[in-house]
Amino acid sequence: MAEPDSVLDGRGSRIAAGLLCAVCIGLIVFLNWHVMFPPPVKKGEDDAKLNPEYVACRDARLVTVQKMKDDGVINEAQFTQFSARAEETCAGQFPPGG
């Protein structure tokens with residue numbers, strides 16, 4: 001004996017489920033738009049907007065790291081890593097603000 005078709009097996013239920021799925025995907029995209037499509041970051045930040053102590057610390061540390069590279073103490077990969085660490089250290093000591 002065959003069971004009668006459920007209301008949930010109908011065309012209207014499938015359309016409603018599809019619409020609900022589309023709304024959920026749209027909501028996820030809307031809420032995470034800034035993560036999926038971040039705004040472009042300018043390479044040269046405006047130092048006037050930053051904390052002056054941070055700028056001084058960053059510049060001093062980057063000069064030291066550049067000198068180490070020029071002297072041949074570190075290679076290009078280490079230079080990139082050390083530069084990032086120098087900026088992180090200064091940002092930890094003096095929040096950049098802006």
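Biologist: How many salt bridges does a search of the whole structure find?

Modeller: In this predicted model, a search of the whole structure finds 3 salt bridges.

Biologist: What makes the pair Arg-58 and Asp-59 a salt bridge?

Modeller: The closest N and O atoms of Arg-58 and Asp-59 are 3.3 Å apart, and the rule asks for a side-chain nitrogen of Lys or Arg within 4 Å of a carboxyl oxygen of Asp or Glu, so the pair qualifies. As for accessibility, Arg-58 counts as buried at 11%, whereas Asp-59 counts as partly exposed at 35%.

Biologist: Which other side chains meet in a salt bridge, and are they buried or exposed?

Modeller: The side chains of Lys-67 and Asp-71 meet in a salt bridge with an N to O distance of 3.2 Å, and both Lys-67 and Asp-71 are exposed. Glu-76 forms a salt bridge with Lys-69, where the closest N and O atoms are 2.9 Å apart; here Glu-76 is partly exposed, with a relative accessible area of 45%, and Lys-69 counts as partly exposed at 28%.

Biologist: How do you know that a disulfide joins Cys-57 to Cys-90?

Modeller: The S to S distance between Cys-57 and Cys-90 is 2.1 Å, and a disulfide is a pair of cysteine sulfur atoms within 2.5 Å, so this pair meets the cut-off. By this rule the count comes to 1 disulfide. Cys-57 lies in helix 3 (residues 52-70) and Cys-90 in helix 4 (residues 76-93), so the pair ties together parts that are 33 residues apart in sequence.

Biologist: Why is the disulfide of Cys-57 and Cys-90 called left-handed?

Modeller: The torsion about the S-S bond of Cys-57 and Cys-90 is about -75°, and therefore the disulfide is left-handed.

Biologist: Why are Cys-57 and Cys-90 called buried?

Modeller: Buried means under 20% relative accessible area; Cys-57 has 12% and is therefore buried, and Cys-90, with 0%, is buried as well.

Biologist: Why is there no bond between the sulfur of Cys-21 and the closest cysteine sulfur?

Modeller: The closest cysteine sulfur to that of Cys-21 belongs to Cys-24 and is 6.8 Å away, which is too far for a bond. Cys-24, in turn, is in no disulfide, its nearest cysteine sulfur being that of Cys-21. Cys-21 is partly exposed, with a relative accessible area of 43%, and Cys-24 is partly exposed with 40%.

Biologist: What makes the buried residues of helix 3 line one face?

Modeller: The buried residues of helix 3 are Tyr-54, Val-55, Cys-57, Arg-58 and Val-65. Seen down the axis of helix 3, the buried residues fall within an arc of 165°, and so they line one face of the helix. The face turned away from that buried side carries the exposed residues Pro-52, Val-63, Lys-67 and Asp-70.

Biologist: Why is Val-63 called exposed?

Modeller: Exposed means over 50% relative accessible area, and Val-63, with 57%, is therefore exposed. Val-63 lies in helix 3, and its C-alpha atom is separated by 9.4 Å from that of Ser-83, 20 residues apart along the chain.

Biologist: Which residues make the nonpolar surface patch, and why does Met-36 count as partly exposed?

Modeller: Trp-33, Val-35, Met-36 and Phe-37 make a nonpolar surface patch of about 430 Å². Met-36, which lies in helix 2 (residues 33-36), has 40% relative accessibility and therefore counts as partly exposed.

Conventions:
Residues numbered from 1 in each chain as written. Predicted model: local features only at pLDDT ≥ 70, side-chain atom pairs only at ≥ 80, totals over all residues. Heavy atoms only, no water. Patch = residues over 30% accessible without salt bridge, like charges linked within 9 Å, V, L, I, M, F, W, Y side chains within 5 Å. Areas by Shrake-Rupley, 256 points an atom, 1.4 Å probe, with all protein chains shown as cover. Helix = DSSP H or I, 4+ residues; strand = E, 2+ residues; numbered from the N terminus. Buried < 20%, exposed > 50% of the residue type's maximum accessible area, 1.4 Å probe, protein only. Arc of directions from axis to C-beta.
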